[in-house]
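Biologist: Could you walk me through this chain, question by question? I would like to hear the reasoning as well as the results.

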Amino acid sequence: RLDGGHQIGRTRTDTDGGFTLPARPGSALLIATASGHAPRAETLTIGAGGTRHDVVLEPSGRGARTPVA
């Protein structure tokens with residue numbers, strides 16, 4: 001959450017690139033990282049029913065773009 005800068009969770013993607021994190025409604029900063037790719041930070045607004053957000057990480061050197069859902 002953005003209201004204090006505390007980490008609310010950490011997870012790994014499944015084989016299809018999907019992930020789930022528990023979070024209360026409000027604003028949150030999502031930071032996605034993967035080996036061989038530049039990290040990406042995005043601010044999300046989480047509603048009462050949760051949210052779905054797709055992240056695309058750019059290669060840090062060579063390779064193809066890798067979608068992370």
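Modeller: Gladly! One cut-off first: a residue is buried when its relative accessible area is under 20%, exposed when over 50%, and partly exposed in between. Please keep in mind that this is a predicted model.

Biologist: Thanks. With that cut-off, is Glu 42 buried or exposed?

Modeller: The relative accessibility of Glu 42 is 14%. The limit for burial is under 20%. Glu 42 therefore counts as buried.

Biologist: Which residue forms a salt bridge with Glu 42?

Modeller: In general, side chains of opposite charge can pair when their charged atoms come close. A salt bridge here needs a side-chain nitrogen of Lys or Arg within 4 Å of a carboxyl oxygen of Asp or Glu. For Glu 42, the closest N and O atoms of the pair are 2.3 Å apart, and the partner is Arg 40.

Biologist: And is Arg 40 buried, exposed or partly exposed?

Modeller: Arg 40 has a relative accessibility of 38%. Exposed would call for over 50%, and buried for under 20%. So Arg 40 counts as partly exposed.

Biologist: How many salt bridges does the chain have by this rule?

Modeller: One joins Arg 40 and Glu 42. Another brings together the side chains of Arg 52 and Asp 54, at 3.5 Å from N to O. In that pair, Arg 52 is exposed because its relative accessible area is 67%, while Asp 54 counts as partly exposed at 47%. By this rule, the count is two.

Biologist: Let's move to Val 55. How far is Val 55 from Glu 42 in space?

Modeller: Val 55 sits in strand 3, which covers residues 55-57. Along the sequence, Val 55 and Glu 42 are 13 residues apart. From C-alpha to C-alpha, their distance in space is 8.5 Å.

Biologist: Which elements give two or more residues to the largest nonpolar core?

Modeller: Val 55 has a relative accessibility of 3%, so Val 55 counts as buried. The largest nonpolar core has five residues: Val 55 together with Leu 30, Ala 32, Leu 44 and Leu 57. The elements giving two or more of them are strand 1 (26-32) and strand 3.

Biologist: Last one: what percentage of the residues in the chain is buried?

Modeller: As a backdrop, the chain has zero helices and four strands, and its accessible surface comes to about 5,200 Å², with 50% belonging to carbon and sulfur atoms. Of the 69 residues in the chain, the buried share is 17%.

Technical notes:
Residues numbered from 1 in each chain as written. Predicted model: local features only at pLDDT ≥ 70, side-chain atom pairs only at ≥ 80, totals over all residues. Heavy atoms only, no water. Buried < 20%, exposed > 50% of the residue type's maximum accessible area, 1.4 Å probe, protein only. Core = buried A, V, L, I, M, F, W, Y, C linked by side-chain atoms within 4.5 Å. Areas by Shrake-Rupley, 256 points an atom, 1.4 Å probe, with all protein chains shown as cover.
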